[in-house]
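Hi everyone, thanks for coming. I'd like to walk you through one structure today, starting from a single side chain and working outwards.

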Amino acid sequence: NVATETLTEPDDNVATAVNIALGFLRDTNSTPIQKGEALSYLIHCVGDAHQPLHAGNFEDLGANKILIQDLGGSKNLHAAWDTGFFATTKYYVKGRTLPTAFVSEVLEPLLPTVKSEALATLNPTDWVKESRSLANQYAYVDENGQKIVTGATLSEAYVASRLVIAEKRLAEAGLRLAELLKQVLP
C-alpha cells in the first residue's frame, strides 16, 4: 500500500511521494482502499511541495530549529509558514482558518493570475525546486535581507509580504492538484 511503499535515497522526497500516489490512482489493480489512501497522500504531498520550508535546509529541519517569538501559536519559522501567517488574518478564528471565506475571498481571486504559470509544470520535482528557491530568497531572510535566527520576532512587514507568497503557493497547489486529479481519475 502507499503507506508502506519503500522509498530509497536519493529520491526520498515529496516529489517521489506524489508520483507514487499518482501511480496507485492510475493503477486499475489498486483497491478502493489503496486509491483512497493514495488520494490522501497526494493531497497532503502536493500541499507540502508548495510550502517553501518543506524544501528548506536539512541542517535546521526546514527551519523547525529556528525558534521565533510566538506568531499565531507558531514557535518556529517553519510553523509560521505552515499556519502562523494565516493566524494573523481575519480568516483565522478560534484556532482555525475559516476555509470557505479564505478560499472565496483570498484564493479564488488569485487563480486567474497564477494559473498559466502554475500549470506550466505538473512535475513535482519542479515544485520542490520552486519552494527551495522561495525558501532561500524569502523564508530564511527578513524584509531587509538579514538572516532570521533563533529568538527573532518576525516583523509585520515580513509577515505581510510572506503571507502573500504563502497564499500564492496555496493557489498554485490547488490548481496543480486539480489538474493531476483530472488526469488520473475517471
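**Starting from a histidine**

Leaving aside neighbours within four places in sequence, His50 is in contact with Trp127, Ser131, Arg169, Glu172, Ala173 and Arg176, where contact means heavy atoms within 4.5 Å. Before I go on, a word on the model: it is predicted, local features need pLDDT of at least 70, side-chain atom pairs count only at pLDDT 80 or more, and totals for chains, interfaces and linings use all residues. Residues are numbered from 1 along each chain as its sequence is written, and side-chain values use heavy atoms, with hydrogens and water left out.

So, where does His50 sit? His50 is found in helix 2; helices (H or I, at least four residues) and strands (E, at least two) are DSSP runs, numbered from the N terminus. Is His50 buried or exposed? At 2% relative accessibility, His50 counts as buried. The cut-offs are under 20% relative accessible area for buried, over 50% for exposed, and partly exposed in between, with a 1.4 Å probe and protein chains only. The side chain of His50 also has a polar atom 2.7 Å from the backbone oxygen of Val46. A polar contact here is a pair of N or O atoms within 3.5 Å; within protein, one must be able to donate a hydrogen and the other to accept it, and residues adjacent in sequence count only if both atoms are side-chain atoms.

**Helix 5**

Two of those contacts of His50, Trp127 and Ser131, take us to helix 5. In helix 5, residues 124–139, the buried ones are Pro124, Trp127, Ser131, Leu134, Ala135 and Ala139. Seen down the helix axis, these buried residues fall within an arc of 105°, so they line one face of helix 5; the arc is that of the directions from the helix axis to the C-beta atoms. What covers them? The cover includes helix 1 (14–26), helix 2 (32–50), helix 3 (77–84) and helix 6 (156–184). At the start of helix 5, a side-chain oxygen of Asn123 comes to within 2.9 Å of the backbone nitrogen of Thr125.

**Charged pairs**

Next, salt bridges, meaning a side-chain nitrogen of Lys or Arg within 4 Å of a carboxyl oxygen of Asp or Glu. How many are there by this rule? The count is 8. Glu130 bridges to Arg176, with the closest N and O atoms 2.9 Å apart. That pair links distant parts of the chain, with Glu130 in helix 5 and Arg176 in helix 6, 46 residues apart. Glu130 is partly exposed at 26% relative accessible area, while Arg176 is buried at 1%.

Within helix 6, Lys168 and Glu172 meet in a salt bridge at 3.7 Å, N to O. Being 4 residues apart, Lys168 and Glu172 are separated by about one helical turn. Lys168 is partly exposed at 30%, and Glu172 is buried at 3%. These residues belong to a wider network of salt bridges linking Glu117, Glu130, Lys168, Arg169, Glu172 and Arg176. Three members of that network, Arg169, Glu172 and Arg176, are contacts of our histidine, His50.

**Rings and cores**

Now the aromatics. Rings of Phe, Tyr and Trp (its six-membered ring) pair if their centres lie within 6.5 Å; planes under 30 degrees apart count as stacked, over 60 as edge-to-face and the rest as tilted. The structure holds 4 aromatic pairs. Phe86 and Phe102 are edge-to-face, 5.6 Å centre to centre with 90° between the planes. Phe86 lies in the loop between helix 3 and strand 3, and Phe102 in helix 4, so the pair ties together parts 16 residues apart in sequence. Both Phe86 and Phe102 are buried. The rings of Tyr91 and Phe102 have centres 5.8 Å apart and planes at 75°, so that pair is edge-to-face too.

Elsewhere, ring pairs link Trp81, Phe85 and Tyr158 into a cluster. Those names return in the largest nonpolar core, a set of buried Ala, Val, Leu, Ile, Met, Phe, Trp, Tyr and Cys residues joined through side-chain atoms within 4.5 Å. Of its 30 residues, Leu53, Leu77, Trp81, Phe85, Leu154 and Tyr158 touch the most other members. The largest share of this core, 7 residues, comes from helix 6. A second, separate core of 17 residues includes Ala17, Val18, Cys45 and Leu180.

That's my tour; happy to take questions.
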